[in-house]
Amino acid sequence: FSTLERFLPDERATTMLGADLALALRAGDVLALEGDLGAGKTTLARGLIRALAGDPELEVPSPTFTLVQAYEGRIPVHHFDLYRLASAAELNELGFDDAVAQGAALVEWPDRAVGRLPESAVHVELTHQDAGRLARITGKGAAIERIGRSLAA
Ligand code: ADP
Ligand code: MG
């Protein structure tokens, strides 16, 4: 079990943490993005997806209404926002279990999918700190070890 912390003074720093996470990400990884509305979850996902795609201008809208968006890149990734999820059954319609089993998957509001995230999921919790954000990255298993080593390097 390990914990990493990084202070993110501005939006750019959140985007860069996403890009740093993208370097270490492998197929099969699941990132649970936790934090209140406005915490920076979508900003981090956008930085990560753009880095995976190798395209800094790629449109990465919040999947607020679609609940999921799929992207191609070095590895394919599904970006979920479960805030408006109506029921657990709706997760089936979204193909949630398959997307998570295949990975990589980024999940905003992962508490809406309790019991359906793998044990190995890496949790990124964003909270307000001063004018910026604090990122706490936790997890257990191979993915957090690999990601931790990569972020420390
Ligand atoms: P969420 O998806 O968690 O609701 P968003 O990614 O949409 O949040 O971000 C909300 C706002 O926070 C955006 O205006 C973004 O520019 C801003 N933001 C993101 N990261 C930071 C940061 N480290 N410091 C200050 N503002 C930030
Ligand atoms: Mg969001």
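The following exchange asks how some labels for this predicted model are justified.

Me: What makes Thr42 and Glu108 the protein donors of the magnesium ion (ligand 2)?
Reply: Their OG1 and OE atoms, respectively, lie 2.1 to 2.2 Å from the ion. A donor is an N, O or S atom within 2.8 Å of the metal, so both residues qualify. Water is not among the atoms, so the site may look incomplete.

Me: Why can the pair be said to tie together separate parts of the sequence?
Reply: Thr42 belongs to helix 2 (residues 41-53) and Glu108 to strand 5 (residues 105-108), so the pair joins parts that are 66 residues apart in sequence.

Me: Why is Thr42 called buried?
Reply: Its relative accessibility is 15%. Buried means under 20%, so Thr42 falls in that class.

Me: How do you know that Glu108 is buried?
Reply: Glu108 has a relative accessible area of 2%, which is under 20%, and therefore counts as buried.

Me: Why is Thr3 called partly exposed?
Reply: Thr3, in strand 1 (residues 2-8), has 41% relative accessibility. Buried requires under 20% and exposed over 50%, so Thr3 is placed in between.

Me: What does Thr3 touch, not counting residues up to four places away in sequence?
Reply: Thr3 touches Arg136, Ile137 and Thr138. Contact means heavy atoms within 4.5 Å, so each of these residues has a heavy atom within that distance of one in Thr3. As for Arg146, its C-alpha is 12 Å from that of Thr3, with the two positions 143 residues apart in sequence.

Me: How many helices and strands does the protein chain have, and in what order do they run?
Reply: There are 5 helices and 7 strands. From the N terminus on, they run β-α-β-α-β-β-α-α-β-β-β-α.

Me: What makes the protein chain as compact as a globular protein of its length?
Reply: Its radius of gyration is 14 Å, and the globule rule gives 15 Å for 153 residues; the two values are close, so the description holds. The C-alpha atoms fill a box of roughly 40 × 30 × 30 Å along the principal axes.

Me: What share of the residues in the protein chain is buried, and what share of its contacts is between distant positions?
Reply: Buried residues make up 44% of the 153. Among contacts with a separation of 6 or more, 62% link residues 24 or more positions apart.

Me: How many side chains of the protein chain count as positive and how many as negative?
Reply: There are 15 positive and 22 negative side chains, and the centres of the two sets are 4 Å apart. Histidine is not counted in either set.

Terms used
Residues numbered from 1 in each chain as written. Chains lettered and ligands numbered in written order. Predicted model: local features only at pLDDT ≥ 70, side-chain atom pairs only at ≥ 80, totals over all residues. Heavy atoms only, no water. Donors = N, O, S within 2.8 Å, 3.2 Å for Na, K, Ca; no water. Helix = DSSP H or I, 4+ residues; strand = E, 2+ residues; numbered from the N terminus. Buried < 20%, exposed > 50% of the residue type's maximum accessible area, 1.4 Å probe, protein only. Rg over C-alpha atoms; globule rule 2.2 N^0.38 Å. Charge placed at Lys NZ, Arg CZ, Asp CG, Glu CD.
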